Every structure is written in structure tokens, then in C-alpha cells.
Amino acid sequence: MTAERTGDPERNETAAERADRRWNETLQEVRVAQTGAQILFGFLLSVAFTPRFQSLSRPVEMLYVVAVALGALATGTLIAPVAYHRLLAGRHLKPELVDAVGRLVSVGVILLALAVNLSVLLLLLVATDNWLAWLVTSLITLWFTLCWLVFPVLLLRSGGRRAS
């Protein structure tokens with residue numbers, strides 16, 4: 001007995017094959033985002049041990065705390081797929097696993113973007129004039145929004161028009 005072929009007719013894959021493919025694609029995405037989150041988080045943790053940290057103003061110190069918290073949340077969220085897989089492997093829940101992990105990765109990427117932007121703001125507030133720090137961080141935030149949200153949505157819309 002062969003499995004029923006469903007989904008995209010160009011792929012001609014079973015539901016199980018589709019889940020396996022989507023899982024592997026998700027893992028590749030997670031590897032990239034996870035590495036960035038871990039490097040950023042490690043950097044943020046080391047900042048508190050520098051001599052200059054003691055001279056930070058209270059608002060900049062609070063910004064640091066929020067950036068560290070966001071870095072920790074992003075790292076934890078982007079590592080969570082490992083725990084999901086360990087707990088659910090072999091239980092015939094791969095499509096559900098892929099969907100749940102996909103949502104986690106989306107949240108993790110948002111947390112990572114926030115952590116990166118606050119880290120840039122933190123660094124620039126310490127290294128430059130206040131107005132320049134806010135200007136550059138605003139431009140970086142805009143660029144992240146364009147690259148990670150607006151451009152993909154535009155591509156999705158233009159692809160949807162072509163398909164119909």
C-alpha cells in the first residue's frame with residue numbers, strides 16, 4: 001500500500017514526506033538564527049564585566065537589562081525546537097511539531113530583532129551622541145522591518161498574483 005500523494009502537485013510528496021522536508025528546512029533556518037542569538041547573548045553577558053559598565057547612567061543600565069533579557073528570551077526560544085523534537089520524536093506528530101516550531105521560530109526571530117536593535121542602541125548611546133544613537137538605531141530598525149517583514153510580504157503578494 002502506498003501513501004496518498006497530496007499537496008503541491010509539482011512535488012508529488014506524501015504528507016509524511018512534506019513534514020520531513022518542512023522540518024529539515026526549519027532546522028536550517030533555526031541554525032542561522034540560533035547562532036546569531038547565542039553570539040549576541042554572549043556579547044551582552046560580557047559587557048557587565050567591562051570597566052566602563054560601572055559608569056553607565058541609570059537609563060542606559062536599564063536598557064542593558066532589557067537587551068540582556070531579550071537576548072536570553074531569543075536564545076531560549078530559538079533553542080526550544082530541540083526540546084520539542086526530543087519530547088515529540090517518534091510519536092507521529094511531525095506535522096504538528098513543524099507547525100509549532102515554525103511559530104516558535106517566528107517569535108524567536110522577533111525577539112532577536114529586538115535584542116539586536118536594543119544592543120545597537122546601547123552601544124551607540126555609550127559611544128556617540130544621543131541623537132545619533134537614536135537615528136542610527138531607528139534606521140536599523142526600519143531596515144530589519146523591511147528585510148524581515150515587508151519584502152517577504154510583498155513577494156508573497158506578487159507570487160500569489162502570478163499563481164492565480
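This passage describes helix geometry, the nonpolar core and one buried residue in a predicted model.

Residues are numbered from 1 along each chain as its sequence is written. In this predicted model, local features require pLDDT of at least 70 and side-chain atom pairs count only at pLDDT 80 or more, whereas totals for chains, interfaces and linings use all residues, and side-chain values use heavy atoms, with hydrogens and water left out.

Helices are DSSP runs (H or I, at least four residues) numbered from the N terminus. Helix 2 covers residues 58-88, and its end C-alpha atoms are 45 Å apart, in agreement with the 45 Å expected for 31 residues at 1.5 Å a residue; the expected span is 1.5 Å times one less than the number of residues. A bend of about 30° occurs in helix 2 at Ile-79, with Pro-81 following within four residues; the bend is the angle between axes fitted to the seven residues ending at a position and the seven starting there. Just after helix 2, Gly-90 adopts a positive phi of about 80°.

The largest nonpolar core (buried Ala, Val, Leu, Ile, Met, Phe, Trp, Tyr and Cys residues joined through side-chain atoms within 4.5 Å) contains 31 residues, of which Leu-44 and Tyr-64 touch the most other members. Helix 1 (15-47), helix 2 and helix 3 (94-127) each supply at least two residues of this core, and the largest share, 12 residues, comes from helix 3. Beyond its neighbours within four places in sequence, Tyr-64 is in contact (heavy atoms within 4.5 Å) with residues including Leu-44, Phe-53 and Leu-122.

Thr-137 lies in helix 4 (residues 130-163). Thr-137 counts as buried because its relative accessibility is 7%, the criterion being under 20% relative accessible area with a 1.4 Å probe and protein chains only. Excluding neighbours within four places in sequence, Thr-137 is in contact with Asn-117, Val-120, Leu-121 and Leu-124.

How values were computed
Buried means under 20% relative accessible area, exposed over 50%, partly exposed in between (1.4 Å probe, protein chains only).
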